[in-house]
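Visitor: Got a minute to go through a model with me? I'd like short answers.
Guide: Sure. Let's bring it up.

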Amino acid sequence: MVVLSQPPALEHCSLIKTCKPTCVFSGIPVIDLRDPEAKTLIVKACEEYGFFKLINHGVPMEFMTRLEAEALSFFNLPQSDKDKATPFGYGSNKIGPNGDVGWIEYLLVNTNPQLTSLKTLSENFCSYAVNDYILAVKRLAFEVVEIMADGLEIEPRNVLSRLLRDEKSDSCFRLNHYPPCPQLQALSGRNLIGFGEHTDPQIISILRSNNTSGLQICLRDRTWVSVPPDQTSFFISVGDALQAGNE
């Protein structure tokens, strides 16, 4: 999940690098999870883009808005209070092959409910907000990868979801926050890198943001394009593990 609000800017804002402008891409595949042809459409989208938008996903909007409100409350805390959560997944970082300095702060925890980090996150947030959202999105992930397995004719169909369900799974939950940068004007109109160029190592990534633009993907011709935001839907990105396993 990605959130954007108006708290004090991060101290490392002056280290931000720049990137080239991108155009808004209107060709993102939109797939209705309840469509009888969903498995065929999902496989096609993965082959052509490695990315698609999912509607009728079954995750209640209430879960999304409630968690977003809790996230904004956390990221609005004084920096000294947020730093206390560093042992439990709070931070900001450099990411990508170029070591881009991220205009970002985040919470990153493993979704295994037995781990201290997730328990602590639930204690600092409304526990219902965290648990309801994570359980709903995990169910969505299981369904999506099983549909992918059907479309790819992989047997048994739960071969991928079984990995996600395993108690030792490294599935993670990440909240990204991009705060305002007071030095934006000093960049003379140049764009900012919020989260540097990268691929995800997992089987899939399930992304959700508010109605703020910023998400970008790289097409086959190496062109970077902006994804139109949609706070009611989820975006599915193919990870390195699924791509490598299907080659």
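Visitor: Where is His-177 placed?
Guide: His-177 is in strand β9. Keep in mind that this is a predicted model.

Visitor: Is His-177 buried or exposed?
Guide: His-177 is buried, because its relative accessible area is 0% and the cut-off for buried is under 20%.

Visitor: Which side chain does His-177 have a polar contact with?
Guide: Glu-105. The two side chains are joined by a polar contact of 2.7 Å.

Visitor: And which strand does β9 pair with, and in what sense?
Guide: Strand β9 covers residues 172–177, and β8 pairs with it in the antiparallel sense. There are 6 bridges between the two. One residue pair to look at is Asn-110 with its bridge partner Cys-172 in β9.

Visitor: How many residues of β8 are buried?
Guide: 5 of the 6 residues in β8, which runs over 105–110, are buried. So β8 is largely enclosed by the rest of the structure.

Visitor: What about β5 and β8, how many bridges there?
Guide: 2 bridges, again antiparallel, with β5 at residues 90–91. Gly-91 has Tyr-106 in β8 as its bridge partner.

Visitor: What lies over the face of Tyr-106?
Guide: Arg-174 does, at 4.0 Å from the ring centre.

Visitor: Which ring does Arg-165 sit over?
Guide: The ring of Phe-142. The charged end of Arg-165 is 4.0 Å from the centre of that ring.

Visitor: Let's switch to ring pairs. How many aromatic pairs are there?
Guide: The count comes to 5 aromatic pairs. Take Phe-25 and Tyr-49: their centres are 5.9 Å apart and their planes are at 50°, so this pair is tilted.

Visitor: Where do those two sit in the chain?
Guide: Phe-25 is in the loop between β2 and β3, and Tyr-49 is in the loop between α1 and β4. They are 24 residues apart, so to speak a link between distant parts of the chain.

Visitor: Phe-25 first: buried or exposed?
Guide: Phe-25 is buried, at a relative accessible area of 17%. Tyr-49 counts as partly exposed, at 31% relative accessibility.

Visitor: And what is the geometry of Phe-74 and Phe-75?
Guide: Their ring centres are 5.3 Å apart and the planes are at 75°, so the pair is edge-to-face. Phe-74 counts as buried at 9% relative accessibility, and Phe-75 counts as buried at 0%.

Visitor: Which residues form the aromatic cluster with them?
Guide: Tyr-90 joins Phe-74 and Phe-75 in one aromatic cluster.

Visitor: New topic: Leu-54. Which strand is Leu-54 in?
Guide: Leu-54 is in strand β4. Leu-54 counts as buried, at 0% relative accessibility.

Visitor: What is Leu-54 in contact with, leaving aside neighbours within four places in sequence?
Guide: Ile-31, Leu-33, Leu-140, Val-144, Ser-233, Phe-234 and Ile-236.

Visitor: How far apart are Leu-54 and Ile-236?
Guide: In sequence, 182 residues. In space, 7.1 Å from C-alpha to C-alpha.

Visitor: How does that fit the contacts of the whole protein?
Guide: Take the contacts between residues at least 6 apart in sequence: 71% of them join residues at least 24 apart.

Visitor: Now the open sheet. What is the strand order?
Guide: The order is β2-β12-β11, an open sheet of 3 strands with mixed pairing. The edge strands are β2 at 23–24 and β11 at 216–218, each pairing on one side only.

Visitor: How many bridges join β11 and β12?
Guide: 3 bridges, in the antiparallel sense, with β12 at residues 224–226. Cys-218 stands opposite Trp-224 in β12.

Visitor: And Gln-216, which strand is that in?
Guide: Gln-216 is in β11. At 30% relative accessibility, Gln-216 counts as partly exposed. Gln-216 and Cys-23 are 193 residues apart in sequence, with their C-alpha atoms 9.5 Å apart.

Visitor: Last one, the overall picture. How many helices and strands?
Guide: The protein has 7 helices and 13 strands. Of its 247 residues, 45% count as buried. About 13200 Å² is exposed, and carbon and sulfur atoms supply 51% of that.

Key
Residues are numbered from 1 along each chain as its sequence is written. This is a predicted model: local features need pLDDT of at least 70, side-chain atom pairs count only at pLDDT 80 or more; totals for chains, interfaces and linings use all residues. Side-chain values use heavy atoms; hydrogens and water are left out. Helices (H or I, at least four residues) and strands (E, at least two) are DSSP runs, numbered from the N terminus. Buried means under 20% relative accessible area, exposed over 50%, partly exposed in between (1.4 Å probe, protein chains only). Contact means heavy atoms within 4.5 Å. Accessible areas come from the Shrake-Rupley method with a 1.4 Å probe; for residues, only the protein chains shown count as cover. Two strands pair if DSSP finds at least two bridges between them. Rings of Phe, Tyr and Trp (its six-membered ring) pair if their centres lie within 6.5 Å; planes under 30 degrees apart count as stacked, over 60 as edge-to-face and the rest as tilted. A charge sits over a ring if NZ of Lys or CZ of Arg is within 6 Å of the ring centre and within 35 degrees of the ring normal. A polar contact is a pair of N or O atoms within 3.5 Å; within protein, one must be able to donate a hydrogen and the other to accept it, and residues adjacent in sequence count only if both atoms are side-chain atoms.
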